[in-house]
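Here's a quick walk through one protein model, with an eye on its rings and one of its helices. Have the viewer open while you read.

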Amino acid sequence: MRAFGGVAVALVKGFVRDRSSVFFTLIFPLMFLTLFGGLLDFDASPRLDLIEVGSVQLLDDLEGGAEDAFESSFAVSHTDDRDAALADVRDGDADVAVEMDGKTLVAHYTQTDQVRAAMVRGTLSAFVDGANQALSGTPPTYDFRAESVEDESLEPIQFFTPGLLGWAVAMSAAFGAAATIQGWRQTKLLRRLQLSPTPSATFVSARVVVTVGIALVQMAIFLGLGTLAFGLTLTGTWWLSVPLLVVGTLSFMSIGLLSGAVAKTAEGAVNMANFIVMPMAFLSGSFFPLDAVPSWISTISWLLPLRHLNEGMIDVLVRGEGLSAILAPAAYILGFALLVGGAAVLLFRRARS
């Protein structure tokens, strides 16, 4: 334990003294959080997923150009299960569920994507107005009412904080591991550590504990700033994001180790890790929703650990889902870490032989 503590303290001091590491681990991600917290402008796909609950007379009565316009605006499915439809909207599997309440068209939408929510309300309202105009000369036949499936107190920051936090942790864990392992190799420290009487597992565990500790500090700062400055509201199951974040940190550390094993210099290792993590952030929905991307890109994104981390985080931080929501993401992320970490170990052994 004394050796472990000494290595851990040295790693922490090295991190704190490296101003660039502190900047890119804490300050740089917070710049993005502040930017998205003040300015929310996500692009969106023009075709919205709509679920008709039961018989929706207004939409069934559309004819001619109005019917064509509706079909070009919405991808429609039908169900008689109202609760299941609202759950699909709440989980992000559909943009809106509509039903008739007498002569009122009621649209249940999600606030997960503010732009798409506005499109839902505006487009459906336009169809209601068009139906009433078609019956000109008589009192308006239909009314329109939009209702959010989430708590009205939720702010936009609820939905992009998990993605930005995932990207920040991925960046710091991958960069830290890549820079550390290459720095130790260049200074011959890695060789000295291997020849020392202290087991290699001690150095590895110290590096893991320090990296996980930094990730938890990042999480505390993100959630604290979001809560105090931008109205972030945590659900009752927010604490489930902690084990998911820990597993995610291990996965991104494996990427850093692989970069350190392949590259010849510390700068090359960091650049390689950046080359992997930055595109992954865009493909995993850390900066914007993936609703507007082609389906093949969305499919590829599910191969990335950051996509699973982001989805799991939003489930527990925003949607209030329970333990079952993080089991599958955590299993995939952990499997990714073992696969990539194993490849890094093999490359290190080959380089020494």
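What follows goes from the overall picture to aromatic pairs, charges over rings and a single helix.

## The big picture

Keep in mind that this is a predicted model. The protein has 14 helices and five strands, and 45% of its 353 residues are buried.

On the outside, about 17100 Å² is exposed, with carbon and sulfur atoms supplying 62% of that area. As for contacts, take the ones between residues at least 6 apart in sequence: 78% of them join residues at least 24 apart.

## Rings meeting rings

How many aromatic pairs does a search of the whole structure find? It turns up three. One of them is Phe70 with Phe74, a tilted pair with 5.1 Å centre to centre and 35° between the planes. The angle falls between the 30 degrees under which planes count as stacked and the 60 degrees over which they count as edge-to-face, so "tilted" is the label that applies. Phe70 and Phe74 are both buried.

Then there's Trp167 with Phe287. Their ring centres are 5.3 Å apart and the planes sit at 70°, so this pair is edge-to-face. Trp167 belongs to helix 7 (residues 157–186), while Phe287 is in the loop between helix 11 (266–283) and helix 12 (295–301), so the pair ties together parts 120 residues apart in sequence. Both Trp167 and Phe287 are buried. Phe282 joins in as well: Trp167, Phe282 and Phe287 make up one aromatic cluster.

## Charges over rings

Two arginines are worth a click. Arg121 has its charged end over the ring of Tyr109, 5.0 Å from the ring's centre. Arg307 lies over the face of Trp302, and here the distance to the ring centre is 3.9 Å.

## Helix 13

Arg307 also leads us to helix 13, where it is one of the buried residues. This helix covers residues 305–317, which makes 13 residues. From first C-alpha to last it reaches 18 Å, close to the 18 Å expected at 1.5 Å a residue.

Is helix 13 mostly covered or mostly open? Mostly covered: 12 of its 13 residues are buried. Charged side chains are on that list, including Arg307 and Asp315. Also buried are Leu306, Leu309, Met313, Ile314, Val316 and Leu317, among others. Pro305 and Gly312 are buried too.

Definitions and conventions. Residues are numbered from 1 along each chain as its sequence is written. This is a predicted model: local features need pLDDT of at least 70, side-chain atom pairs count only at pLDDT 80 or more; totals for chains, interfaces and linings use all residues. Side-chain values use heavy atoms; hydrogens and water are left out. Helices (H or I, at least four residues) and strands (E, at least two) are DSSP runs, numbered from the N terminus. The expected span of a helix is 1.5 Å times one less than its number of residues. Buried means under 20% relative accessible area, exposed over 50%, partly exposed in between (1.4 Å probe, protein chains only). Rings of Phe, Tyr and Trp (its six-membered ring) pair if their centres lie within 6.5 Å; planes under 30 degrees apart count as stacked, over 60 as edge-to-face and the rest as tilted. A charge sits over a ring if NZ of Lys or CZ of Arg is within 6 Å of the ring centre and within 35 degrees of the ring normal. Contact means heavy atoms within 4.5 Å. Accessible areas come from the Shrake-Rupley method with a 1.4 Å probe; for residues, only the protein chains shown count as cover.
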